[in-house]
Amino acid sequence: MSTSTLDHAHDHDHAHDHPHGLSRWLFATNHKDIGTLYLWFSFVMLLSGGVLALGIRTELFKPGLQFFQPEFFNQLTTMHGLVMVFGAIMPAFVGFANWMIPLQIGASDMAFARMNNFSFWLLPPAALLLATSFLVPGGATAAGWTLYAPLSTQMGMGMDMGIFAMHLMGASSIMGSINIIVTILNMRAPGMTLMKMPMFCWTWLITAYLLIAVMPVLAGAITMTLTDRHFGTSFFNAAAGGDPVMYQHIFWFFGHPEVYIMILPAFGIVSQILPAFARKQLFGYASMVYATASIAILSFIVWAHHMFTTGMPVTSQLFFMYATMLIAVPTGVKVFNWIATMWRGSMTFETPMLFAVGFIFVFTIGGFTGLILAVTPIDIQLQDTYYVVAHFHYVLVAGSLFALFAGFYYWSPKWTGHMYNETMGKAHFWLSLITFNVTFFPMHFLGLAGMPRRYADYSAQFTDFNMIATIGAFGFGLSQVFFLFGVIIPTIRGGKKAEAKPWDGAEGLEWTVPSPAPFHTFETPPQFK
C-alpha cells in the first residue's frame with residue numbers, strides 16, 4: 001500500500017474518531033457527550049413537566065372549575081408525574097453518572113460505549129410518546145402516575161402509548177445500570193479499592209443494582225395491564241376473578257425502591273460536596289456506604305405502606321409500619337455524618353454548598369413527614385390527601401432536584417471549562433428555596449384539613465392555602481427559567497475560565513487544613529510511585 005493511501009486511511013480513521021456536528025451526538029460513544037445528552041434531555045423534560053404542574057396549580061388557584069375539565073386535569077397530574085420521574089430526575093442522575101463515574105474511578109470511559117449510546121436514544125422516542133398521547137382520541141392516560149387498575153384498563157389509546165413509553169424508559173434504565181455496574185467493578189484504576197471510591201460511585205453502584213431488580217417488576221405490571229386491555233386476560237378485573245389490589249402490590253414493589261433510586265445518587269452528590277467546602281474528609285465514610293446499602297435492602301420490604309387503606313390484615317399493617325420506620329435509622333446515620341462533616345470545618349458557602357446544606361434541611365423535613373405517614377392510623381387519615389403530596393415533593397424536589405442543582409454548580413467548571421456566575425447561582429438558590437417552601441409547605445396544612453389530591457375542584461375552606469401554593473409554584477417555575485438563561489447558557493458560552501482545581505482555597509483564602517481534592521483522591525499505588 002502506498003504512503004498516500006496509508007495517510008488517507010489514517011485520515012479516514014481520524015474522521016471516525018471525532019465526528020462533528022449532528023453525528024457527534026447521534027453516534028456518541030464518549031461518556032462525556034452521552035452525559036451531556038442525558039443532562040439536556042432531563043432539563044427539557046423538567047421544564048415540560050413543570051408546565052404540566054403549572055397547569056394543575058392554575059386550575060387550583062380558586063375553587064370551582066376555571067380552565068380545565070376534570071378529565072383533562074387528571075391527564076395533567078398523570079403526565080406530570082410520569083414526565084418528572086422517568087423523564088427528568090432519573091435521566092439527570094444517569095447523566096451525572098456518565099460524566100463523573102469514569103473520571104472518579106480513573107476509567108477511560110464507560111464499559112459498553114455503544115450500549116450507552118443506545119440507552120440514551122431510547123429516551124427521546126419515549127418522551128415523544130408521552131407528549132403526543134395528549135393528541136390521540138381520549139387524550140393522555142388519566143389513571144394517575146401509578147396507573148392503578150381498574151382505571152388503567154378503561155382508558156383510551158393514550159394509556160397504551162404510556163405503557164410503551166415506560167417499557168422504553170425501563171429498558172434504558174436497565175442498560176444504563178448494567179453499564180454502571182460493569183464499569184465500577186471492572187475498570188477502577190490500580191489502587192482504587194471499593195472502599196476508596198468516592199461516595200457518588202458507591203451510591204450509583206447500589207442504585208444500579210436496585211434498578212436492575214425492580215424495573216422488570218414495573219414491566220410486568222404494565223404488561224399485565226396491557227393484556228387485560230387487549231388480549232382478554234383478567235389479572236386485575238375483579239368481575240372476571242382478577243384482583244385490582246394485586247396490581248398495587250406489584251406496582252409498589254417497584255415503586256418504593258424507585259423512590260430510593262431517585263434519592264441515593266443525590267446522597268452521593270451531597271457527600272462529595274460537603275467535604276470539599278468544609279475542607280475536611282467525609283465523616284464516617286464506611287458507615288455511609290453501609291447505610292446506603294441498608295436503605296437499598298430495606299426498600300424492598302416496605303412497599304405496602306402505600307396501601308394501608310386497602311384492607312390488609314393488622315399484622316401486615318404492623319410489619320410494614322415498623323419496617324418503614326426502620327429506614328429512618330440508616331437515613332439518620334447519613335444526616336448525622338453530613339452534619340459531623342461540616343462540624344468545625346472551614347466552611348465557605350458557594351452555590352454548590354448552599355444547595356447541599358439546603359438539601360439537608362428540606363430533605364430532613366420530607367423524611368420526618370414520611371416517618372409520620374409510616375404510622376398506620378395516621379396514614380389511614382392522610383391517605384391520598386395533600387399531606388402526601390407535600391411529603392413526596394419535599395423528598396423529590398427539595399431532595400433529588402436540589403442535589404442535582406448542587407452537583408451542576410459543583411461539577412460544571414469541570415464540564416464546561418468555565419465558572420458560572422456566583423451571584424446568579426446564589427440568586428437561583430434563594431429563589432428556588434423560598435418559592436419551593438411557599439409552594440409545598442402549605443400543602444401539609446391542606447392535607448391535615450382533609451383536602452384530597454387529584455381533584456380539579458375543592459371546597460371554599462381550602463382556598464387561601466391553594467392560592468399561596470399556586471403563587472409559589474409560578475415563582476419556582478420562573479426560578480428554573482432564570483437558571484437556564486442566567487446560569488446554564490452563560491456558563492456554556494463563556495465566563496471566567498475555570499482553574500484546574502476550582503474549589504481549592506475558594507474565595508482566595510489560604511487553608512491550614514489540608515484541602516481534599518474536589519473530584520477524587522486515592523493514594524498512588526507503590527508500583528507507580
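Of the contacts in this protein that have a separation of 6 or more, 82% are between residues 24 or more positions apart, where contact means heavy atoms within 4.5 Å. The structure is a predicted model, in which local features need pLDDT of at least 70 and side-chain atom pairs count only at pLDDT 80 or more, whereas totals for chains, interfaces and linings use all residues. Residues are numbered from 1 along each chain as its sequence is written, and side-chain values use heavy atoms, with hydrogens and water left out.

**Overall form**

The protein has 19 helices and 0 strands; helices (H or I, at least four residues) and strands (E, at least two) are DSSP runs, numbered from the N terminus. For 529 residues, a compact globule would have a radius of gyration near 24 Å, and the 24 Å of the protein agrees with this; the radius is taken over C-alpha atoms, and the globule rule is 2.2 Å times the number of residues to the power 0.38. Along the principal axes, the C-alpha atoms fill a box of roughly 75 × 65 × 45 Å.

Of the 529 residues, 54% count as buried, a term that stands for under 20% relative accessible area, with exposed being over 50% and partly exposed in between (1.4 Å probe, protein chains only). The accessible surface comes to about 22100 Å², and 69% of that belongs to carbon and sulfur atoms.

**Helix α6 and its surroundings**

Helix α6 spans residues 123–132, and its buried residues are Leu 123, Ala 126, Ala 127, Leu 129 and Leu 130. These residues lie on the same side of α6, because they cover an arc of only 155 degrees around the axis, the arc being that of the directions from the helix axis to the C-beta atoms. In general, an α-helix has 3.6 residues a turn, so residues three or four places apart point the same way. The partners against which the buried residues of α6 pack are α3 (31–59), α4 (70–105), α5 (113–121) and α8 (157–186).

Ser 133 is found in the loop between α6 and α7 (151–154), and with a relative accessible area of 1% Ser 133 is buried. Not counting residues up to four places away in sequence, Ser 133 touches Met 79, Gly 139, Ala 140, Gly 158 and Met 161. The loop between α6 and α7 is also the place of Pro 150, which a cis peptide bond with omega of about 5 degrees joins to Ala 149.

Leu 76 lies in helix α4 and counts as buried at 4% relative accessibility. Leaving aside neighbours within four places in sequence, Leu 76 is in contact with Leu 52, Gly 55, Ile 56, Phe 68 and Phe 134. A separation of 36 Å lies between the C-alpha atoms of Leu 76 and Thr 29, which are 47 residues apart along the chain.

**Two arginines with positive phi**

The table sets out two loop residues, neither of them a glycine.

| Residue | Phi | Loop | Relative accessible area |
|---|---|---|---|
| Arg 279 | near 55 degrees | between α11 (264–278) and α12 (285–298) | 1%, buried |
| Arg 344 | about 60 degrees | between α14 (328–342) and α15 (351–374) | 77%, exposed |

Arg 279 is thus buried at 1% relative accessibility, whereas Arg 344 is exposed at 77%.

Terms used:
Areas by Shrake-Rupley, 256 points an atom, 1.4 Å probe, with all protein chains shown as cover.
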